Amino acid sequence: ACASYYEIFFSVERNQSLFKNDLTHILTLLSRRNIRPNIEKYVLLQDVAECHQEMEKFQMDGAIVCEPWRRGGFDSMIYKT
């Protein structure tokens, strides 16, 4: 399989109609689970600094998603499942 890179926000500068169509298509693919983002972990806003330090120490395969609206419990860093 070959991966390709597409910058959706480039089209918003050139053509808003194209951007709207692209965004709708990508959201449709996501909702159908035809594509899935590679998410390493979800973190709370309060844990971003710690997570950034961890990122500098270890190579991570996926994206880090900050969820500032979540409230922390005893284990506020939530790793991918």
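A residue counts as buried under 20% relative accessible area, as exposed over 50%, and as partly exposed in between. These words recur at each stop of the tour. The model on screen is predicted.

**The whole chain**

Colour the chain by secondary structure. Three helices and three strands should appear. Starting at the N terminus, their order is α-α-β-α-β-β. Now switch to a surface view. The chain exposes about 7100 Å², and carbon and sulfur atoms supply 53% of that area. Of the 81 residues in the chain, 21% are buried. For contacts between residues at least 6 apart in sequence, 42% join residues that are at least 24 apart.

**Helix 2**

Select residues 16-31, which form helix 2. Show T24, a residue of this helix. With a relative accessibility of 47%, T24 is partly exposed, because the exposed class begins over 50%. Its side chain does not point to a partner side chain here: what does the side chain of T24 reach at 2.8 Å? The answer is the backbone oxygen of K20. Move along helix 2 to L30. L30 is partly exposed, at a relative accessible area of 33%. Display what surrounds L30, and ignore neighbours within four places in sequence: I35 and P37 are in contact with it.

S31 is also in helix 2. S31 is exposed, with a relative accessible area of 61%. A polar atom of the S31 side chain lies 2.9 Å from the backbone oxygen of T28.

**The loop after helix 2**

Select R33, in the loop between helix 2 and strand 1. R33 is not a glycine, yet its phi is positive, at about 65°. Is R33 buried or exposed? R33 is exposed, since its relative accessible area is 59% and the cut-off for that class is over 50%.

**Strand 1**

Select residues 39-43 to bring up strand 1. Four of its five residues are buried, so strand 1 is largely enclosed by the rest of the structure.

Show the side chain of K41, which belongs to this strand. K41 has a relative accessible area of 1%, so K41 is buried. Which side chain makes a polar contact with that of K41? It is the side chain of E54, at a distance of 2.5 Å.

**Strand 1 beside strand 2**

Add residues 63-66, which are strand 2. Strands 1 and 2 run parallel and are joined by four bridges. To see how the path gets from one strand to the other, add residues 48-57, which are helix 3. The chain leaves strand 1, passes through helix 3 and arrives at strand 2. This β-α-β crossover is right-handed.

Two positions help to line up the pair. I39 has A63 in strand 2 as its bridge partner. K41, already on screen, stands opposite I64 in strand 2.

**The cysteines**

Finish by selecting C51 and C66. How many disulfides does a search of the whole structure find? The search finds zero. A disulfide is a covalent bond between the sulfur atoms of two cysteines. Why is C51 not in one? The closest cysteine sulfur to that of C51 belongs to C66 and is 8.9 Å away, which is too far for a bond. The cut-off applied here is a pair of cysteine sulfur atoms within 2.5 Å. From the other end, C66 is in no disulfide either, and its nearest cysteine sulfur is that of C51.

Compare how each cysteine is covered. C51 is buried, with a relative accessible area of 2%. C66 is partly exposed, at 30% relative accessibility.

Conventions:
Residues numbered from 1 in each chain as written. Predicted model: local features only at pLDDT ≥ 70, side-chain atom pairs only at ≥ 80, totals over all residues. Heavy atoms only, no water. Helix = DSSP H or I, 4+ residues; strand = E, 2+ residues; numbered from the N terminus. Buried < 20%, exposed > 50% of the residue type's maximum accessible area, 1.4 Å probe, protein only. Contact = heavy atoms within 4.5 Å. Areas by Shrake-Rupley, 256 points an atom, 1.4 Å probe, with all protein chains shown as cover. Polar contact = N/O pair within 3.5 Å; in protein donor to acceptor, adjacent residues only side chain to side chain. Pairing = 2+ DSSP bridges. Right-handed = clockwise from strand over helix to strand, strands pointing away.
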